[in-house]
Amino acid sequence: MPKIRIEGGHKLTGTIPISGAKNSVVALIPTAILCDETVTISNVPEITDVDDLENILVHLNAEITRTNGKVEINSSNIINKEITETLSKKLRASYYFMGALLGKFNRVEMYFPGGCTIGARPINLHLKGFELLGAKITEEGNHFVIEAEKLKGNNIYLDFPSVGATINIMLAAVKAKGKTVIDNAAAEPEIANVATFLNNMGAKIKGAGTSTITITGVKYLHSCFHEVIPDRIEAGTYLIMGALIGENLRIENMIPNHLEALIAKLTEAGVEMEIGLDNILIKGTNNYKPIDIKTLVYPGFATDLQQVMSVFLTQCQGRSSIEETIYENRFQSLLELEKMGANVKIRPDNHKATIRGKTPLHGADVNSTDLRGGASLLVAGLIADGITNIDNISYILRGYDHIIEKLTNVGAKIEII
Ligand code: EPZ
């Protein structure tokens, strides 16, 4: 199995360009099948999640062409057939075909989605939303058939502002009869990016990016061009690297506003940054104060940056803490970090951990437990003394576009072996 090998201690200097957002593009590609014509999406990152979605489209007989970060999708000859278990399980975002196929054909047949094992990750809120739009759900084991005579708009209150459920209900409601209102909706920037895509096709969606979204059903969606927003989690990952081992490292093609919580926490710890319109210059000193992190839904501190941030906390002078409120099993990577010398204590309920620093880390052979867990070990390897080998790297390649090239260009000693 290929591994990532890192020689730690090399300063990062120069510029890192941010790619399109994974958690937006993985929704935009299934959304494209709602269009009755051909759509073009640009700023598409080269990550394996996009490959897996492409395979599902091909399975459904849609035409997809990818060239230089552009994807063109023509679903006029699409066949609404079962999405196999293998294809469904490849990634979490396969669940967006539930809303898209239901919205287009009033019927979908597929399996429970895949995705990182960072918690139970049920889809009950998605299914409840579909039922409120008039769909009937037949569930056998992890196999689902969801169908409706005619979808009809309704008021839907989400018990939790779930990103996936908000987008999936939006996809099912965009061609439904009448008006749908989603209350307590998730407000992550990726949701607004999907709504803008649909509105560019002629949909009628208001309030995306707030906790109340109103969708008035339309009959036809026409072709359009759309751009994926920059990946705030990728940008946050490089910002934290810059704080740890950067020397005038610039992160560009990003939206600093999307990372307010992270920037506030890094500033609180004493990190110096120059914040521009679409870039941040980070100097990197080495004298940071301890801080407390609590993950929350957007615009709170992103759970997807929690694991990478835990590495930063190993380099803060004193006792820091992390409280994970979104997932019930997202501290596995801390156990791998301990192999590199980190001083961590996880509370038995698995929702809070304390990290003592400043602790010099050393190279080791470690396992990626999930996408962001793998990224945290890569960051640790960059600052560790000696050589770090990371395996299960397919997790990392699922969500970070050209990460080896981008880091090598700014001075890291990193390779896939
Ligand atoms: C999206 O996952 C992202 N994935 C996740 O990023 C991210 O961590 C998450 O949003 C939260 O920001 C994609 O966009 C593909 P949720 P999603 O529905 O949609 C519970 C990464 O590293 N819940 O907002 O699955 C759920 O179990 C990934 O890029 C229910 O209980 O997240 C979780 O505890 C990891 N029932 C919480 O809500 C439901 O029906 C948040 O889930 C749905 C969710």
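Contact here means heavy atoms within 4.5 Å. In this predicted model, residues 24 or more positions apart account for 71% of the contacts with a separation of 6 or more. The chain holds 14 helices and 23 strands. Its radius of gyration is 21 Å, close to the 22 Å given by the globule rule for 417 residues, so the chain is as compact as a globular protein of that length. Along the principal axes, the C-alpha atoms fill a box of roughly 60 × 45 × 40 Å.

Of the 417 residues, 57% are buried. The chain exposes about 15,900 Å². Carbon and sulfur atoms supply 49% of that area. The chain carries 41 positive and 47 negative charges. The mean positions of these two sets lie 4 Å apart.

One of the positively charged residue types is Arg, and Arg330 was examined individually. Arg330 sits in the loop between strand S18 (318–323) and helix H11 (332–338). Its relative accessible area is 4%. The cut-off for a buried residue is under 20%, so Arg330 counts as buried.

Two polar contacts involve the side chain of Arg330. One joins it to the side chain of Thr303, at 2.8 Å. The other reaches the side chain of Gln307, at 3.1 Å. Thr303 and Gln307 also appear among the residues in contact with Arg330 once neighbours within four places in sequence are left aside. That set further includes Ile118, Asp304, Gln306, Glu324 and Arg372.

How values were computed: Residues numbered from 1 in each chain as written. Predicted model: local features only at pLDDT ≥ 70, side-chain atom pairs only at ≥ 80, totals over all residues. Heavy atoms only, no water. Helix = DSSP H or I, 4+ residues; strand = E, 2+ residues; numbered from the N terminus. Buried < 20%, exposed > 50% of the residue type's maximum accessible area, 1.4 Å probe, protein only. Polar contact = N/O pair within 3.5 Å; in protein donor to acceptor, adjacent residues only side chain to side chain. Rg over C-alpha atoms; globule rule 2.2 N^0.38 Å. Areas by Shrake-Rupley, 256 points an atom, 1.4 Å probe, with all protein chains shown as cover. Charge placed at Lys NZ, Arg CZ, Asp CG, Glu CD.
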